[in-house]
Amino acid sequence: MDTDTQVKQDIAQLRVNGSRLWDSLMELAQIGATPKGGVCRLTLTDLDRQGRDLVTRWAREAGMTVTIDKIGNGFMRRPGRDNSLPPIMTGSHIDTQPTGGKFDGNYGVLAGLEVVRTLNDHGIETEAPIEVAFWTNEEGSRFVPVMMGSGVFAKAFTLEHAYAATDSEGKTVKGELERIGYVGSQEPGDHPIGAYFESHIEQGPVLEDNARTIGVVTGVLGIRWYDCVVTGMEAHAGPTPMALRKDALQAAAQLMQEVVACAHRHPPHGRGTVGMVQVHPNSRNVIPGQVKFSIDLRNATDADCEAMDADIRAVADRISRETGLPIAINLVSSYPAQPFHADCVDAVARAAKALGYSHMPVVSGAGHDAVYMARLAPAGMVFIPCKDGISHNEIEDATPADITAGCNVLMHAMLERARVL
């Protein structure tokens, strides 16, 4: 048997240390642990600093070098045989929601670290370097915009814009980065990427519902957010006959139902949600004179999102004509759909198949740092199930077996791009 064949066989048998990965996740989860079993580690707080310090210490113990850029993104690097090549990168974030869980984001960072530890254990060299990134303020629970660090890195918005963001106490991103000691010298984006993979809990119920271990993520849904205002006339609920009312809530209720129907009319990835409703004057015996509510439309391509936009506006026009009430729909935010690179998607699928894990193609309904990385380099994601599809919640949970499986898929997909032979 020649050397190349032996190496290929050795790589095919390579598996991560799932117990070590789990223990690392549980140790990190102690920083900001909540009484209900979750984690509150808001970005750029002292707890965030402690989390960053722990992860970077682990990286250095694994022989990695650590670089921090000016927005506080961290890049932990394992050298390759040819360090002139752009690194094959993985990563996510370690900041959490106020009532967050142990796995959202944290899994993606520590899975990357476990890939490096496993390669070290087996003395495996890659042609290209491997890097593990943690991105600043992915959650956006303390500062906006969300996915701040990766967004600045990808030039979606400026460093100055991010620095100026304030929290509820008026503290700035720049000031808090300086306070916790995580303002680096590297300009965000001055850091090449050969390919980017991100492992993550699904944050939804699809994999669990289909009894699949691995989600091969084909892309992230585009999002359109709207404010809708229906204007009627307040009047006394008793003396005003039904036929003579200008009831804003009744017209709004029709349109809210149509938001859901619109999603059904644009399958398989259409999403339609009304999450916020304000009724004026909100009195028990007054016919509502105005209703303001949110509309959230999502789909897998920008063309599908535009089709849903046209659909809901046409329905609103019809309801307005039928009721005689003005309906205004204003777009307040728009995020384009982000397909992932076919080569990276296929690499994840090949790894899952070779490792014998059940898998299926999925789309992500939530945003991730991989969205911005996909603008810069070939990118893909690996999803694993989370219990009952629950995330952004202290009861967020995943099994050690699935955690290990996702990390194995991540490792083999990365090795395909980083090249061992």
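Where does proline 145 sit? Its place is in the loop between strand E4 (130-134) and helix H5 (148-153), and the close-ups below visit this loop and several other spots. Everything shown comes from a predicted model, in which local features need pLDDT of at least 70, side-chain atom pairs count only at pLDDT 80 or more, and totals for chains, interfaces and linings use all residues. Residues are numbered from 1 along each chain as its sequence is written, and side-chain values use heavy atoms, with hydrogens and water left out.

**View 1. The loop between E4 and H5 holds proline 145 and asparagine 137.**
Helices (H or I, at least four residues) and strands (E, at least two) are DSSP runs, numbered from the N terminus. The peptide bond leading from valine 144 into proline 145 is cis, with omega near 15°. Asparagine 137 is not a glycine, yet its phi is positive, about 55°. With 1% relative accessibility, asparagine 137 counts as buried (under 20% relative accessible area; exposed is over 50% and partly exposed is in between, using a 1.4 Å probe and protein chains only). As background, most residues other than glycine have a negative phi, and most peptide bonds are trans.

**View 2. Two further backbone spots are proline 281 and aspartate 388.**
Look for proline 281 in the loop between strand E10 (277-280) and strand E11 (286-287). Histidine 280 and proline 281 are joined by a cis peptide bond, with omega about 5°. Aspartate 388 lies in the loop between strand E16 (379-384) and H13. Its phi is positive, about 60°, although aspartate 388 is not a glycine. This aspartate 388 counts as partly exposed, at 47% relative accessibility.

**View 3. Histidine 368 lies in the loop between strand E15 (359-364) and helix H12 (369-373).**
Histidine 368 counts as buried because its relative accessibility is 1%. Leaving out residues up to four places away in sequence, histidine 368 touches Glu138, Met147, Glu198, His200, Gln203, Met381 and Phe383; contact means heavy atoms within 4.5 Å. Valine 220 is 148 residues from histidine 368 in sequence, but the two are 8.3 Å apart in space, C-alpha to C-alpha.

**View 4. Helix H10 (residues 302-323) packs its buried residues against strands and a helix.**
The expected span of a helix is 1.5 Å times one less than its number of residues, so the 22 residues of H10 should span 32 Å, and the end C-alpha atoms are indeed 32 Å apart. Buried residues of H10 include Cys305, Met308, Ile312, Val315 and Ile319, along with Asp309 and Asp311. The partners of the buried residues are strand E7 (222-231), helix H9 (248-264), strand E9 (271-273), strand E12 (290-299) and strand E13 (327-335). After H10 comes glycine 324, with a positive phi near 75°.

**View 5. Helix H2 (residues 18-29) meets helix H13 (residues 400-418).**
The two axes come within 9 Å and cross at roughly 110°; axes are lines fitted to C-alpha atoms, for helices over the stretch in contact, and angles run from 0 to 180 degrees between N-to-C directions. That makes H2 roughly perpendicular to H13, a label for angles of 65 to 115 degrees. H2 brings Gly18, Leu21, Trp22 and Leu25 to the contact, while H13 brings Pro400, Ile403, Thr404 and Cys407.

Key. Parallel < 35°, antiparallel > 145°, perpendicular 65-115°, else oblique.
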